[in-house]
Amino acid sequence: MTDVLDGVRDHYRATGLTARLRTALAVLGPENQQLTPRQLAALDQFHTCGLAATAELADLAGITAGMSVLDVGSGIGGPARFVAASRGCAVTGVDLSEPFVDAARYLTERTGQGGQVSFQVASAEKLPFDDGRFDVVLLQHVAMNIADRAQLYREIRRVLKPGGRFAIFDVVSKSGEPHYPVPWARTPATSFLLTDAATRAAIEPAGFRTLAWQDDTEAGKAWFAQLRASGPPPSPNLGVVMGPDFLQLSSNLGRNLMEGRLGVLTAVFEAVSINA
């Protein structure tokens with residue numbers, strides 16, 4: 001298991017990331033100019049369908065003002081900042097990558113949300129929180145990096161309040177092996193895809209009841225088609241985060257969706273007793 005975690009950390013190593021972000025953001029204004037989460041969307045929404053997917057997931061999860069939300073695998077913090085700003089809730093993000101957490105904190109300073117959004121380095125399989133801490137847990141394009149899904153979903157259930165919501169937006173296996181590299185893994189060694197049915201079968205026994213279930217593969221395909229048609233990405237973009245091969249990683253994900261090798265799943269669950 002340690003080897004797997006080290007492999008995932010290596011994929012998201014991002015040496016010097018905060019310094020690169022500081023340089024890239026100069027195009028948006030001086031260092032002391034406050035930015036908005038929407039201004040950062042091309043840079044910090046590290047998943048298919050971008051900001052629209054985060055907004056839809058927040059809607060489906062029923063996030064409202066005053067709630068306590070956990071974003072597992074929070075990356076550089078884009079979804080956490082957007083959800084906090086648009087819903088008036090408090091969001092905590094956890095990520096395995098220390099450079100990502102450092103970058104998330106820096107960007108949160110730039111948006112002036114330090115009192116509402118926080119980040120820490122932690123494994124999704126061993127969350128550093130008390131039982132029943134959160135109203136909602138979000139998981140976007142993260143589970144593909146986690147081998148022990150049962151442990152992941154047990155931990156998420158543990159930190160949720162009874163009746164709390166668990167909302168996912170993840171890539172699932174459809175047919176055949178995907179083309180690598182992809183945004184979450186440069187080789188199959190750190191990619192642990194499940195089918196949509198296997199995902200549901202892993203989540204529900206952890207103490208969840210399915211509230212919403214939708215296949216968003218066609219939406220993902222349309223999004224990638226639109227990206228290709230719109231030409232070069234805006235600046236700054238996710239290439240700042242993932243490096244010069246990000247276009248290849250992203251293109252392969254789009255290719256896998258188009259060829260039916262991968263799909264995109266959105267679902268929301270309610271935390272119930274395990275015997276319910």
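This is an informal dialogue on how to read some features of a predicted model.

Reader: Let's start with the overall picture. How many helices and strands does the protein have?

Author: The protein has 11 helices and 7 strands. Keep in mind that the model is predicted.

Reader: What does the radius of gyration say about the protein?

Author: The idea is to set the value beside what a compact globule of that length would have. For 276 residues that would be near 19 Å, and the protein has 17 Å, which agrees. As for its dimensions, the C-alpha atoms fill a box of roughly 55 × 45 × 35 Å along the principal axes.

Reader: And how do I read burial and contacts for the whole chain?

Author: Begin with the share of residues under the 20% cut-off for relative accessible area. Here 54% of the 276 residues count as buried. Then look at sequence separation: among contacts with a separation of 6 or more, 80% are between residues 24 or more positions apart.

Reader: How much accessible surface does the protein have, and what share belongs to carbon and sulfur atoms?

Author: About 11500 Å², with 53% of that belonging to carbon and sulfur atoms. On the charge side, there are 25 positive and 28 negative side chains, and the centres of these two sets lie 2 Å apart.

Reader: Let's take one helix. What span should α11 have?

Author: You count 1.5 Å a residue. Helix α11 covers residues 246-258, so its 13 residues should span 18 Å; the end C-alpha atoms are 18 Å apart, which agrees.

Reader: Which residues of α11 are buried, and what do they pack against?

Author: First the general idea: an α-helix has 3.6 residues a turn, so residues three or four places apart point the same way. In α11 the buried ones are Phe246, Leu249, Ser250, Asn252, Leu253, Gly254, Asn256 and Leu257. They pack against α9 (217-229), α10 (239-242) and β7 (262-271). After α11 comes glycine 260, with a positive phi near 80°.

Reader: You mentioned α9. Is alanine 219 in that helix buried, exposed or partly exposed?

Author: Alanine 219 sits in helix α9. Its relative accessibility is 37%, and because the middle class runs between 20% and 50%, alanine 219 counts as partly exposed. Along the chain, alanine 219 and threonine 48 are 171 residues apart, while their C-alpha atoms are separated by 9.0 Å.

Reader: Now a strand residue. What does leucine 70 touch?

Author: Leucine 70 lies in strand β1, residues 68-72. With a relative accessible area of 0%, leucine 70 is buried. Leaving out residues up to four places away in sequence, leucine 70 touches Thr92, Val94, Leu127, Phe129, Phe134, Val136, Val137, Leu138 and Val159. Its C-alpha atom is separated by 16 Å from that of alanine 267, 197 residues apart along the chain.

Reader: On to backbone angles. Which residues other than glycine have a positive phi?

Author: Two to look at are cysteine 49, with phi near 75°, and histidine 141, with phi near 50°. Cysteine 49 is in the loop between α3 (41-44) and α4 (50-61), and at 12% relative accessibility it counts as buried. Histidine 141 is in the loop between β4 (134-140) and α7 (149-159). Its relative accessibility is 10%, so histidine 141 counts as buried.

Reader: What does histidine 141 touch?

Author: Not counting residues up to four places away, its contacts are Phe46, His47, Thr48, Phe169, Asp170, Val171 and Val264.

Reader: And omega? Where is a cis peptide bond found?

Author: Look for an omega close to zero rather than 180°. Here tyrosine 180 and proline 181 are joined by a cis peptide bond, with omega about 5°. Proline 181 is in the loop between β5 (160-173) and α8 (196-203).

Reader: One last loop residue: is alanine 206 buried or exposed?

Author: Alanine 206 is in the loop between α8 and β6 (208-215). At a relative accessible area of 8%, alanine 206 is buried. The C-alpha atoms of alanine 206 and alanine 185 are separated by 26 Å, with the two positions 21 residues apart along the chain.

Conventions
Residues are numbered from 1 along each chain as its sequence is written. This is a predicted model: local features need pLDDT of at least 70, side-chain atom pairs count only at pLDDT 80 or more; totals for chains, interfaces and linings use all residues. Side-chain values use heavy atoms; hydrogens and water are left out. Helices (H or I, at least four residues) and strands (E, at least two) are DSSP runs, numbered from the N terminus. The radius of gyration is taken over C-alpha atoms; the globule rule is 2.2 Å times the number of residues to the power 0.38. Buried means under 20% relative accessible area, exposed over 50%, partly exposed in between (1.4 Å probe, protein chains only). Contact means heavy atoms within 4.5 Å. Accessible areas come from the Shrake-Rupley method with a 1.4 Å probe; for residues, only the protein chains shown count as cover. Lys and Arg count as positive and Asp and Glu as negative; His and the chain ends are not counted. The place of a charge is taken as NZ of Lys, CZ of Arg, CG of Asp or CD of Glu. The expected span of a helix is 1.5 Å times one less than its number of residues.
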